[in-house]
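Dear colleague,

I am handing over the structure we spoke about, and my notes on it follow below. Please read them with the coordinates open beside you.

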Amino acid sequence: DTSVSLSTPTIRVRPLTCTETRRGDQQVVHSLGDGAVHVSAARHDVTFGFSAVFDAGASQEAVFEGSGMRQLVELAIDGFSCTVFAFGQTGSGKTYTLMGPLAQSDTQPASPALLGLMQRSFTCLLEQSRSRGSDLALSASYLEIYNEQVRDLLSPGPPCALPLRWSKTRGFYVENQLSVEFESLETIVSLLLQGSQRRRTSAHALNRHSSRSHALLTIHVRSRAHQPPPTWVLQASACPSRQGTLCFVDLAGSERVKETGSSGELSVEANSINRSLLALGKSWAPAVGALLAPPEPCHILSGSPFAGHCISLLAKPRGKRTHIPYRDSKLTRLLARSLGGSGVTLMVACISPSSRCLSETLSTLHYASRARRVTTRP
């Protein structure tokens, strides 16, 4: 039972947008170097310390190398269940950090310098598999949770809801989900772009390309040892094997309808997003969040400054925990293994430097600061 820590959550500060600049928003977040980030505004003057803070000028490569992402890929190859969470307010740069520019396709790929954590991880995974000489079998699945419906982003045809099941051996799983094998970078990137184009997005006051669903792309890594089997073993398939996973979770951003101006279908989607984030323990409530500092290191590396549901219960000492309500949402059911501490999880907290987003930015930073004591037990 070994503890694994991937240091404190990684913080990424996006640039001010053109709209924010024209509107006259002030930049209230500044990176001071050496893992320090300073927030300065009316009635707020506070500095937070982390192991890695990436300001608006940081490259995608710098984020990949400095966040612990390469280590996570290697752990997945070694058979661990690994998860990457990108979380933050809507429009804070989560999808860009994971994928890079939205305007990319098989025929119009993004510049290599702009590729996100996903594509860089795919490259690292394939390079590691070749250098180790391992017999790796790689496959990918990609789904979204939209209005509490689980939909396969790789399956051809119109999106349809898939049932979420549970078994003693597999835990929670999606029935009839398509898993596609791949051996090249071109194939897995094509799958990523294909699925992302099917994901639900809409425009509102804070984000022209707001994700209206939570997306989970999972790479399954099956490794079979190369040593010859004993003479009494007749089939190579009987060789010892191990299986790891690398899951990228792009959470839809928390929304305040007053700020986004959402109505009609957008309002329904926002309510669904916020309910699932609440179940995860990821609602941005600074006043409540100040009460939630964990009494001792807990066994997750993801969470929220909201005193409720799965994460706040998991933050309690093991002897004082009650029932963990994973079944409160499809999101918490699918992430039960990561939340429960049986995997290795990395957080990437994305924040806006705009004075208009000050409240949400402070909430994200306060939580991420408390998460410094969090470890996992794979």
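**Strand 16 and its neighbours**

In strand 16, Val348 is the bridge partner of Thr10. Please keep in mind throughout that this is a predicted model. The bridge to Thr10 belongs to a pairing of strand 1 (residues 10-13) with strand 16, which runs in the parallel sense over four bridges. Strand 6 also pairs with strand 16 in the parallel sense, here over six bridges, and within that pairing Phe87 has Ala349 as its bridge partner in strand 16.

Strand 16 covers residues 344-351, and eight of its eight residues are buried. In a regular strand the side chains alternate between the two faces of the sheet. For strand 16, one side carries Val344, Leu346, Val348 and Cys350, while the other carries Thr345, Met347, Ala349 and Ile351, and the residues on both sides are all buried.

**The chain as a whole**

The protein chain has 378 residues, of which 53% count as buried, and its secondary structure comes to 13 helices and 16 strands. Among the contacts with a separation of 6 or more, 70% are between residues 24 or more positions apart. The accessible surface of the chain is about 17,000 Å², and carbon and sulfur atoms account for 52% of that surface.

**The second largest pocket**

Which residues lie closest to the centre of the second largest pocket? The pocket has a volume of about 850 Å³, and of the 30 residues that line it, Phe172, Tyr173, Thr218, His220 and Leu334 are the closest to its centre. The lining divides into 13 nonpolar, 14 polar and three charged residues. At least two lining residues come from each of strand 6 (81-87), strand 7 (135-146), strand 10 (171-174), strand 14 (214-224), strand 15 (241-250), helix 11 (330-334) and helix 12 (336-339). Strand 6 therefore appears twice in these notes, since it supplies residues to this lining and also pairs with strand 16.

**Backbone points to check**

Most residues other than glycine have a negative phi. Two residues that you may wish to look at in this respect are Arg43, which has a positive phi of about 70° although it is not a glycine, and Asn147, where phi is also positive, near 50°. Arg43 sits in the loop between strand 3 (36-41) and strand 4 (44-49), and it is exposed, with a relative accessible area of 79%. Asn147 is found in the loop between strand 7 and strand 8 (149-152), and with a relative accessible area of 29% it is partly exposed.

A positive phi, near 105°, is also found at Gly79, which follows helix 3. Helix 3 itself spans residues 69-77, and its buried residues are Met69, Leu72, Val73, Leu75, Ala76 and Ile77.

**The loop around Leu115**

Is Leu115, in the loop between helix 4 (94-99) and helix 5 (117-132), buried or partly exposed? Leu115 has a relative accessible area of 23% and is partly exposed, because buried is reserved for values under 20%. Leaving aside residues up to four places away in sequence, Leu115 touches Gln60, Met99, Gln104, Ala110 and Arg120. The C-alpha atoms of Leu115 and Thr97 are separated by 8.4 Å, although the two residues are 18 residues apart along the chain.

With best regards

Notes:
Residues are numbered from 1 along each chain as its sequence is written. This is a predicted model: local features need pLDDT of at least 70, side-chain atom pairs count only at pLDDT 80 or more; totals for chains, interfaces and linings use all residues. Side-chain values use heavy atoms; hydrogens and water are left out. On a 1 Å grid over the protein atoms alone, a cavity is a set of points where a 1.4 Å probe fits but cannot get out, and a pocket is an open set with protein on both sides within 12 Å along at least five of seven lines; lining residues have an atom within 4 Å of a point. Grid points are joined across faces, edges and corners, and a volume is the space filled by probe spheres set on the points. Ala, Val, Leu, Ile, Met, Phe, Trp, Tyr, Cys and Pro count as nonpolar, Asp, Glu, Lys and Arg as charged, and the others, Gly among them, as polar. Buried means under 20% relative accessible area, exposed over 50%, partly exposed in between (1.4 Å probe, protein chains only). Contact means heavy atoms within 4.5 Å. Accessible areas come from the Shrake-Rupley method with a 1.4 Å probe; for residues, only the protein chains shown count as cover. Two strands pair if DSSP finds at least two bridges between them.
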